[in-house]
Structures are given as C-alpha cells and as structure tokens.
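Q: Could you take a close look at one part of this model for me? I'd like to hear how it sits among its neighbours, and then what the surroundings look like.

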Amino acid sequence: MVTQGRGLLYGKSALVTGAASGIGRATAELFAREGARLTATDIQSEPLLGLADELRQNGTEVETVIGDVSVEEDARRMIRAAADRFGRLDVLVANAGIIPLGDATEMTAADWDEVMAIDGRGMFLTCKFAIEAMVPTGGGAIVCISSISGLAGQKRQAAYGPAKFVATGLTKHLAVEWADRGIRVNAVAPGTIRTERVKRLPEEPGGSEYLAEIERMHPMGRIGEPAEVATAIAFLASDDASFITGAVLPVDGGFLAQ
C-alpha cells in the first residue's frame, strides 16, 4: 500500500519510452507527481527536453535519453541511463509507438516493416534490457502499451493492429517467463485516445467522419484522454498491483465489452 504522505511510486526508478507526447507524456507527468525518479526517452528531442525542464521545476529527478527504441544500442542506452543515474530500474513503461492507418491494400511492405520495428521490435528490446537490469536487484514492473487493436480486429489497422497483438503476446509470455524472478509484466489496452495523432484526424480527408464513427463505437460515447490511461499504467506499475501479472487491462470506454 502507499505510504502515508508519499506517492504511489515514491522513490522508484521508472523509465517511460515515447515520453514526449500523448500517453507517454501524461504517464511521465503522473509518475513525477507520484514520486518516481524518472528517465524519459523519445526520438523527438525538443518536446522531450521541454517536458524534463517542466518536471525538474517541480522537483522531480529526471534523466533524458534521445533515441529510437527500434535501434538495439539506443534501447540498451535508455535502460543503462536509468540504472546508472538512479542505481537501479524498478519500472519500465514500454510506450513508444506509431499508428499508421490504412487497409491491407493501402499499407506497403515498408509501412509494415516500420510499425513492426518500432511497436514490436522496440518493445521487445526495451523489455529485454529492462529485465536484464531488474533481475540483479530483485525484480520490478513492466507495463506495455497494447491497444484494443491488440485484442480485437478493426478496420484500417492492417499493420498497426498486428503490431499491437505483438504487444499483447509479449506481455503474457514475459509475465510467465519472469514471474519467479520478481518481475511483473502487464499491459494496458487503450481505446481511441485524444493523442496528438488523433487530434490531427479532422485535418485529413474523411478524418472528422472517421473520428465521429469511432466515438460512437465506444459505449461511453466519447474517446479517452491520455491522463485516463496514465492512471491505469501507474496502478499496474505500483506495489498495489503486486499480485497482478500477465494482465491486459482495457482502458476503452467499454469498447471490448460489446
């Protein structure tokens, strides 16, 4: 349970990939409020460094790493930076990803390779190196960002959806593989969330209609906010979820309950 007067993640060394925007940024901000010592990573340098400056002004210890999770040495460097700065790694949020939209005739082989490299290979690499860092210190918690598209099919997600099935499968297999070493591995499966990518949809041909249709598909009649996903991530990362591993928690306004 949370110690009185202290945050849910007080003193924990936590790393969030894709922290510059969207769900990653909301998670980094919440982790900071909950007392984590934070390593924030992203391929976008300017917004990442801006976030770090804001968090430091509020008293958070922050390390930043600019890099690409799909590049093995970059992924290794992210984990090493957290362990070197804070002496250990307690939490990984494997969030970095891209969301290409299109059906199977529109997606190219290059589109497929790119999303699998970032959303699939990148998640595997960061989890792999995080596990290597966590084992010597007695364990930790990993939260992967999957999607409703990693649990059920949707239109226009011929490449993205399968990549999120990778996230779901990786979560379950790693959870079983590392439970006896004190490492919990869970995932959240967001519905459509008001990230920067979703905010741009009305600017695209047919985007407004597509977004309105998506909103109607969620029983709550709206899309979610990044902060609502961050709250679920923080719970799974915390000691309050100490007997939970291998779970994929929908944060989807009831989408998958239909």
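A: The cover over the buried residues of helix H8 includes helix H1, along with strands S4 (91-94), S5 (140-145), S6 (183-190) and S7 (248-251). Keep in mind that this is a predicted model. The buried residues in H8 are Pro226, Val229, Ala230, Ala232, Ile233, Ala234, Leu236 and Ala237. The helix length checks out too: H8 covers residues 226-237, and at 1.5 Å a residue its twelve residues should span 16 Å, which agrees with the 16 Å between its end C-alpha atoms.

Now follow H1, one of the elements covering H8. H1 (residues 22-33) belongs to a right-handed β-α-β unit, together with strands S1 and S2. S1 (residues 13-16) pairs with S2 in the parallel sense, over four bridges. Within that pairing, Val16 stands opposite Ala40 of S2.

S2 itself (residues 37-42) is pretty well hidden: five of its six residues are buried, so the strand is largely enclosed by the rest of the structure. S2 also pairs with S3 (residues 62-66), again in the parallel sense, this time over five bridges. Put helix H2 (residues 45-57) between them and you get S2, H2 and S3 as a right-handed β-α-β unit.

Let's zoom in on Glu63, which is found in S3. Glu63 is the bridge partner of Thr39. Its C-alpha atom is separated by 6.3 Å from that of Ala40, although the two residues are 23 apart along the chain. Leaving out residues up to four places away in sequence, Glu63 touches Leu38, Thr39 and Ala40, plus Ala81, Arg85 and Phe86. Even with those contacts, Glu63 comes out as partly exposed, because its relative accessible area is 23% and buried would need a value under 20%.

For another helix to set beside H8, try H7 (residues 207-217), where Gly207, Tyr210, Leu211 and Ile214 are buried. Looking down the axis of H7, those buried residues fall within an arc of 95°, so they line one face of the helix. On the other side of H7 you'll find Glu209 and Arg216, both exposed. As for what covers the buried residues of H7, helix H6 (196-199) is included.

Conventions. Residues are numbered from 1 along each chain as its sequence is written. This is a predicted model: local features need pLDDT of at least 70, side-chain atom pairs count only at pLDDT 80 or more; totals for chains, interfaces and linings use all residues. Side-chain values use heavy atoms; hydrogens and water are left out. Buried means under 20% relative accessible area, exposed over 50%, partly exposed in between (1.4 Å probe, protein chains only). Helices (H or I, at least four residues) and strands (E, at least two) are DSSP runs, numbered from the N terminus. The arc is that of the directions from the helix axis to the C-beta atoms. Contact means heavy atoms within 4.5 Å. Two strands pair if DSSP finds at least two bridges between them. A crossover is right-handed if, with the strands pointing away from the viewer, the path from the first strand over the helix to the second runs clockwise. The expected span of a helix is 1.5 Å times one less than its number of residues.
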